[in-house]
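Welcome! Let's take a friendly walk through the inside of this protein, starting with its nonpolar packing and then turning to its enclosed spaces.

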Amino acid sequence: MFGFLKKKTKLPVVYKRQEHCISRKNIDPDALKVLYRLSGLGYTAYLVGGGVRDLLMGRKPKDFDVGTSARPNEVKKAFRNCFLIGRRFRLAHVRFGAKVIETATFRQNSQTVGEIIEHAAEGPFEDNTFGTPETDAYRRDFTVNGLFYDIKDFSVIDWVGGMKDLEKKVIRAIGDPNIRFQEDPVRMMRAIKFSSRLGFTIEKRTAAAMKAHHRCILAASQPRVCEEVFRLFPYGHSAEAFRLMYEFGMLGDLVPELAAFIDGDGGSKSATFKYLEVLDDYETIMAEKDFEVSNGLRAAVLMTAMFRAENKDGAGRRIMQYLMNSLKIPKATYFTAVTLMESTKRLAQPPAKGKQRFIYNRDFLDALDYNRIVLRAEKMSENTLDKWADLYEEKGNNE
Ligand code: ATP
Ligand code: MG
């Protein structure tokens, strides 16, 4: 009786050790220590999130996060080097020197679709409450980010179809994308970040939801949006990322002045993207050297086509003001970006005697790199800039 009311129990797809390519030798030894210790104490312990995705793709993960059935205080008890952070949702940071292995208890998102919503209707839940591996998979943003690597038997546990999507190179929201993007609009920027960075396409329904809800990005917390904007730059895919930001309408929501300039400058063929392409080569080289490019330089390159078109004194300030107003970029980023934009005139002249003080400016090295990017994008000679670089080599280092 009432068989139709019975909940369907869903099981994850489990890929055994020999059915996937993750090898422990590619996992950070300290992350392994955390996993083994928790598992040894009888808790469930998984490698989760972007780390699993990157390992499966043969990429080097940026960080290794752990998901566990142990409660934060239990994690703390298990490690001497563990600190609990966060007020609303407590996260355990297990520290190894400067390295942190983020260790989070499985949780659930009260607003997530499907079965979890039924649970949410049962009682007053906080935004985030503890959950099971299943609920923890479903609260994540995209299927390729929802995979678990189980330290107990070295299998990959897939509740959300992430393995198939990894193979198909697809970014697909978990659950109903319309709900997931309204719930947290920053996810739309994350879709663009992963799509451009990994070379994945955004699945049709996910993309349609982004087209429908792009304006919701204005309701997201500004510091988070600002942070995600600058996360579009590392790894050398910013041209593609900002083209998608423009095409989905989010650039128009966030920085209308820039989107309007791009509209009048050939749309997706705007020079804006040419400058970003040259920046991307530079970002790739810097990433190989483990060197982070400054956000001031990134912001300056993003606004360069617009700045060059204006060609008036004080244009740098005015144009960077748009990013200040809309993205609330930090003052220091703003000042560096303005200095870089306004350095172009000066560095286009050879460093004559009495006009060399700029090499002592704290942004001088960024200015050299910025102007090299501009000259390369415009296919102009770098000879004069080389003279400034030589002068810096000679004098700038020793003051
Ligand atoms: P990266 O390589 O840029 O660090 P990542 O996938 O590790 O990529 P993080 O921002 O470090 O991304 O987040 C870790 C994991 O947490 C993600 O893989 C995803 O499962 C989950 N996550 C992060 N942000 C969200 C969000 N806004 N909504 C749902 N899940 C999220
Ligand atoms: Mg990460």
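In this predicted model, the largest nonpolar core is made of 117 residues. Within this core, I192, M303 and M320 have the most contacts. Helix α19, spanning residues 364-377, is the top contributor, giving eight residues. Both domain 1 (3-220) and domain 2 (260-397) supply at least three residues each to this core.

M303 is a good place to pause. Setting aside neighbours within four places in sequence, M303 is in contact with V255, L258, I319, M320, Y322, L323 and M341. There is also a second, separate core of ten residues, and F106, F148, W159 and I174 are among them.

Now for the empty spaces. How many cavities of 30 Å³ or more does a search of the whole structure find? The search finds two, and the table sets them out.

| Cavity | Volume | Lining residues |
|---|---|---|
| Largest | about 40 Å³ | V229, F242, M245, L251, L254, V255, L258, L302, L323 and L327 |
| Second largest | about 30 Å³ | K193, S196, R197, R231, L232, P234 and H237 |

Three elements each give two or more residues to the lining of the largest cavity: α11 (238-247), α12 (250-254) and α17 (315-327). Three of the M303 contacts, V255, L258 and L323, also appear in that lining.

What classes of residue line each cavity? For the largest cavity, the lining has ten nonpolar residues, with no polar and no charged ones. The lining of the second largest cavity has two nonpolar, two polar and three charged residues.

Definitions and conventions
Residues are numbered from 1 along each chain as its sequence is written. Chains are lettered from A and ligands numbered from 1 in the order in which they are written. This is a predicted model: local features need pLDDT of at least 70, side-chain atom pairs count only at pLDDT 80 or more; totals for chains, interfaces and linings use all residues. Side-chain values use heavy atoms; hydrogens and water are left out. On a 1 Å grid over the protein atoms alone, a cavity is a set of points where a 1.4 Å probe fits but cannot get out, and a pocket is an open set with protein on both sides within 12 Å along at least five of seven lines; lining residues have an atom within 4 Å of a point. Grid points are joined across faces, edges and corners, and a volume is the space filled by probe spheres set on the points. Helices (H or I, at least four residues) and strands (E, at least two) are DSSP runs, numbered from the N terminus. Ala, Val, Leu, Ile, Met, Phe, Trp, Tyr, Cys and Pro count as nonpolar, Asp, Glu, Lys and Arg as charged, and the others, Gly among them, as polar. A nonpolar core is a set of buried Ala, Val, Leu, Ile, Met, Phe, Trp, Tyr and Cys residues joined through side-chain atoms within 4.5 Å. Buried means under 20% relative accessible area, exposed over 50%, partly exposed in between (1.4 Å probe, protein chains only). Domain bounds come from an automatic or database domain assignment. Contact means heavy atoms within 4.5 Å.
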